[in-house]
Amino acid sequence: MDNDIERVLYSREDIAEAAKRVGGELAHDYENKTPIILVVLKGAALWAVDVMRYMQYTEVEFIDVSSYNGGVASSGEVSLITDIKSDVKGRDIIIMEDIVDTGRSLMFMKDLLLERGANTVKTASLLDKKEGRVVDATVEYIGFDVPKAFVVGYGLDYSVEGKEFYRNLPYVGILKKSVYAPEHANLVDADITSTH
Ligand code: 5GP
Ligand code: MG
Ligand code: MG
């Protein structure tokens with residue numbers, strides 16, 4: 001599996017440090033509050049558990065939205081796959097994301113939560129692919145910035161025909177182009193991911 005990685009961007013140690021930093025910020029900002037950690041399935045699961053260890057109080061909920069439908073580029077349409085189980089009215093929500101790219105998924109979830117009467121909605125994302133943004137979705141807590149390339153590891157997968165690969169890598173790295181586009185192996189990453 002390591003052979004499919006072009007370049008490691010963030011090591012296991014880098015990520016542990018980021019989780020501690022972001023967890024500490026959240027613990028401080030939500031002191032004496034009772035936030036709901038909203039884990040965006042499935043990629044953010046690892047990041048969420050690592051971050052929440054540093055917080056005093058959290059309730060945990062899950063949501064699954066889809067904008068990628070597998071593949072390596074955003075489809076542009078966001079759909080709700082699995083809804084939240086509890087009432088968010090009047091609650092402070094912290095959306096836990098693995099990566100924010102176009103921002104469409106995040107915008108979709110923020111709108112949904114605010115429509116349902118959430119008191120505040122903030123986002124803590126492991127990765128921020130700022131160059132990919134097409135809608136104005138702000139991420140308040142960021143682990144790391146990443147370049148506009150398709151990255152995998154530490155929760156983020158590359159899925160082929162329902163099979164999920166690389167989620168279990170302990171680090172975050174850029175997937176080799178030859179893995180998902182063998183015929184385009186000579187292109188630069190930006191040529192492949194700039195389809196939205
Ligand atoms: P957005 O709606 O911001 O375009 O996309 C957000 C979702 O797309 C992320 O939560 C993630 O599931 C997926 N995604 C975006 N960029 C990447 C990437 O580089 N690698 C992987 N594995 N997933 C990505
Ligand atoms: Mg995600
Ligand atoms: Mg995925």
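1. In this predicted model, strand S5 is the main contributor to the shell around ligand 1, giving 4 residues, the most of any element. Two or more residues of that shell also come from each of helix H3 (104-115) and strand S8 (151-152), as they do from S5 (92-100).

2. The surroundings of ligand 1 comprise 21 residues, of which Asp101, Thr102, Arg104, Ser105 and Leu156 come nearest. Sorted by class, the shell consists of 9 nonpolar, 6 polar and 6 charged residues.

3. Strand S5 also belongs to an open sheet of 6 strands, whose order is S4-S3-S2-S5-S6-S7 and whose pairing is mixed. The edges are occupied by strand S4 (79-82) and strand S7 (141-145); each has a single partner strand, so one side of each is left without a neighbour in the sheet. On average, and with direction ignored, neighbouring strands of this sheet are turned by 30° against each other.

4. Within the sheet, strand S2 (residues 36-40) and strand S3 (residues 59-66) run parallel and are joined by 5 bridges. In this pairing, Leu38 stands opposite Glu61 in S3.

5. Helix H3 packs on the sheet, where the strands touched are S3, S5 and strand S6 (120-128). The direction of H3 makes about 170° with that of S5. Both H3 and S5 are thus worth viewing together with the ligand: each is among the elements that give two or more residues to the shell around ligand 1, and H3 touches S5 in packing on the sheet.

Technical notes
Residues numbered from 1 in each chain as written. Chains lettered and ligands numbered in written order. Predicted model: local features only at pLDDT ≥ 70, side-chain atom pairs only at ≥ 80, totals over all residues. Near = placed C-beta within 6 Å. Nonpolar A, V, L, I, M, F, W, Y, C, P; charged D, E, K, R; others polar. Pairing = 2+ DSSP bridges. Axes fitted to C-alpha atoms, helices over the stretch in contact; angles between N-to-C directions. Contact = placed C-beta atoms within 7 Å.
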